[in-house]
Amino acid sequence: MADENKLEKIISLAKRRGFVYPSSEIYGGYASVYDYGPRGVELKNNIKKSWWNEMVYKRADVVGLDSAIFMHPKTWEASGHVEGFSDSLVECKKCHHRFKSDNQKTCPDCGGELTEEKNFNLLVEAKMGVTDEAKSKAYLRGETCQGIYLNFQNVLNSTRQKIPFGIAQIGKAFRNEITPKNFIFRTREFEQMEMQFFIPPDKKLAQETFDYWKQERLNWYLNLGIDSKKLRFREHTNDERAHYALAAEDIEYNTPFGGWKEFEGIHNRGDWDLSRHSKYSGKDLGYLEPDGTRVIPWIIETSAGVDRAFLMFLLDSYKHDKDKNRIYLSLHKSLVPVQVAVFPLLGNKLELISKAKEVFDNLVKQGFIAEWDDRGNIGKRYYSQDEIGTPHCVTIDFDTLEKNEVTVRDRDTAIQEKVSIDKLVKYLKK
Ligand code: ATP
């Protein structure tokens with residue numbers, strides 16, 4: 001498949017099949033904001049579940065958190081975002097697009113006149129308070145990890161955790177991105193899955209911990225079926241490394257829109273965060289080592305985007321089966337929005353419908369996420385399940401009534417197999 005068109009094809013499939021819709025379409029749209037439809041919310045939830053399972057449930061030394069989007073505004077001064085998260089930019093007076101100045105006079109997008117350079121802060125501001133007079137400036141969080149730092153001591157004091165240990169969180173983040181683009185790759189509202197691992201301040205240990213989490217995070221993508229040839233690590237150069245980072249590497253995926261792009265960052269943040277919050281809050285966020293010395297822990301962070309992972313899974317699983325002239329998503333089975341679809345061969349034959357309902361109800365009872373479809377012809381039903389990545393379709397036909405056998409079709413091979421109803425659950429579970 002010509003790779004250049006792949007993103008367009010995915011955007012179209014995502015809308016057609018209920019994964020992702022552009023926001024506020026009835027009002028003419030709202031740039032760079034997206035809504036997740038019935039299929040999308042399932043895929044997204046499954047991505048988050050898989051991450052939580054891997055990062056929290058499988059580990060005795062990582063716990064979860066769900067902190068608020070609003071935080072004390074000082075948080076963002078301490079984090080360095082109020083000063084460090086802003087860019088000096090010019091804005092087009094006509095189309096209002098913003099660009100890094102680069103000494104140009106006219107807008108590269110529409111030829112309009114550009115403003116003088118101004119400072120645009122990437123943090124999204126809000127006003128808190130009931131009356132106009134009492135409103136004070138607040139920020140929608142620009143990253144979820146700050147909520148983790150602010151609760152570091154609460155977690156330490158309210159659980160059995162001792163350093164080294166980690167806190168994981170999934171949640172929304174907001175940034176006034178200058179050039180949001182490439183569908184859900186870069187948007188102004190997005191979700192992050194972040195884990196902060198607190199360790200004693202020690203260079204060697206920090207390096208070991210950093211290497212460990214790098215590999216663990218890469219494995220997560222690989223275990224969910226992402227093509228290893230399309231994944232790589234890339235170390236940040238000195239210039240691009242964030243103000244807080246002692247070491248930073250990205251997990252990159254080779255996209256059809258401009259090649260290798262960041263999907264996750266692994267950072268050694270040193271003692272930057274807890275030192276800064278200690279300083280700005282006046283509270284000592286250090287901890288007592290067994291030998292009685294008080295130290296500020298270092299932090300190794302893994303920071304992934306839910307929406308970017310979602311896009312990676314779509315890009316990587318999108319397949320064109322030329323022989324059978326079909327598109328299918330070869331999504332990992334733990335991520336699929338629907339696990340099994342059940343069809344009566346004909347949507348107007350009562351015996352078939354009632355038998356199919358029996359099969360459907362039993363699968364639901366057994367815990368499968370199942371979908372019912374009795375519209376149109378069977379080929380079209382297969383086609384629509386292929387496009388959302390449903391691993392198996394079960395068809396109830398006249399043979400079923402006679403022999404108690406159903407036809408099970410496999411998504412990836414399109415091969416159909418007869419399976420006895422008594423063995424269906426076992427077959428699908430396997
Ligand atoms: P980029 O260089 O692409 O702007 P970043 O280095 O600013 O990303 P981080 O601050 O390290 O990103 O955020 C961690 C992760 O959060 C990113 O790897 C990405 O998956 C996700 N992320 C960051 N910004 C966005 C955005 N605007 N839209 C969607 N996901 C984002």
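Which elements do the buried residues of α11 pack against? The legends below take up that question and then visit other parts of this predicted model.

**Figure 1. Helix α11 and the strands beside it.**
Helix α11 covers residues 378–386, and its buried residues are Arg381, Tyr382, Ser384, Gln385 and Asp386. These buried residues pack against β18 (326–329), β19 (340–344), β20 (370–372), β21, β22 (405–410) and β23 (416–420). At the N-terminal end of α11, look for Asn377, which acts as the cap. A side-chain oxygen of Asn377 lies 3.0 Å from the backbone nitrogen of Gly379. If you are tracing the helix by eye, it helps to recall that an α-helix has 3.6 residues a turn, so residues three or four places apart point the same way.

**Figure 2. Glu371 and its polar contact with Arg39.**
Glu371 sits in strand β20, one of the elements that the buried residues of α11 pack against. Is this charged residue buried or exposed? Glu371 counts as buried, because its relative accessibility is 19% and the cut-off for buried is under 20%. The side chain of Glu371 makes a polar contact with the side chain of Arg39, at 2.6 Å. Leaving out residues up to four places away in sequence, Glu371 touches Arg39, Val338, Val340, Ala341, Val342, Phe360 and Gln385. Gln385 in that list is one of the buried residues of α11. Phe360 is 11 residues from Glu371 along the chain, and their C-alpha atoms are separated by 8.0 Å.

**Figure 3. His392 in strand β21.**
His392 belongs to strand β21, which spans residues 392–396. With a relative accessible area of 10%, His392 is buried. Which residues is His392 in contact with, leaving aside its neighbours within four places in sequence? They are Lys333, Gln339, Val340, Ala341, Val408, Arg409, Asp410, Tyr427 and Leu428. Val340 and Ala341 also appear among the residues that Glu371 touches, so to speak linking this view with Figure 2. 

**Figure 4. The ligand and its surroundings.**
How many residues lie around the ligand? There are 16, and Glu177, Arg186, Thr187, Glu262 and Ser303 come nearest. A polar side-chain atom of Glu262 is found 2.7 Å from an oxygen atom of the ligand. The backbone takes part too: a polar backbone atom of Phe263 is 2.9 Å from a ligand oxygen atom, and a backbone N or O atom of Gly305 lies 3.0 Å from an oxygen atom of the ligand. On its own the ligand has 590 Å² of accessible area, and the protein covers 84% of this. Two or more residues of the shell come from each of β10 (189–199), β13 (259–270) and β16 (298–305). Strand β13 gives the largest share, 5 residues. Sorted by class, the shell has 4 nonpolar, 6 polar and 6 charged residues.

**Figure 5. The largest nonpolar core, with Phe313.**
The largest nonpolar core has 56 residues. Which of them touch the most other members? They are Phe19, Ile47, Met193, Phe310 and Phe313. Helix α9 (residues 306–317) supplies the largest share of this core, with 8 residues. Take Phe313 as your guide here: not counting its neighbours within four places in sequence, Phe313 is in contact with Ile47, Trp220, Leu224, Ile226, Leu331 and Leu335.

**Figure 6. Loops with backbone features to look for.**
In the loop between α6 (152–158) and β9 (165–174) you will find Pro164. A cis peptide bond joins Ile163 to Pro164, with omega of about 5 degrees. Asn182, in the loop between β9 and β10, is not a glycine and yet has a positive phi of about 60 degrees. Asn325 has a positive phi as well, of about 50 degrees, and its place is in the loop between β17 (318–321) and β18. At 60% relative accessibility, Asn325 counts as exposed.

**Figure 7. Gly258 in the loop before β13.**
Gly258 lies in the loop between β12 (247–255) and β13. Is Gly258 buried or exposed? Gly258 is exposed, with a relative accessible area of 62%. Its C-alpha atom is 25 Å from that of Asp321, and the two residues are 63 apart in sequence.

Conventions:
Residues are numbered from 1 along each chain as its sequence is written. This is a predicted model: local features need pLDDT of at least 70, side-chain atom pairs count only at pLDDT 80 or more; totals for chains, interfaces and linings use all residues. Side-chain values use heavy atoms; hydrogens and water are left out. Helices (H or I, at least four residues) and strands (E, at least two) are DSSP runs, numbered from the N terminus. Buried means under 20% relative accessible area, exposed over 50%, partly exposed in between (1.4 Å probe, protein chains only). Contact means heavy atoms within 4.5 Å. A residue is near a molecule or strand if one of its heavy atoms lies within 4 Å of it. A polar contact is a pair of N or O atoms within 3.5 Å; within protein, one must be able to donate a hydrogen and the other to accept it, and residues adjacent in sequence count only if both atoms are side-chain atoms. Accessible areas come from the Shrake-Rupley method with a 1.4 Å probe; for residues, only the protein chains shown count as cover. Ala, Val, Leu, Ile, Met, Phe, Trp, Tyr, Cys and Pro count as nonpolar, Asp, Glu, Lys and Arg as charged, and the others, Gly among them, as polar. A nonpolar core is a set of buried Ala, Val, Leu, Ile, Met, Phe, Trp, Tyr and Cys residues joined through side-chain atoms within 4.5 Å.
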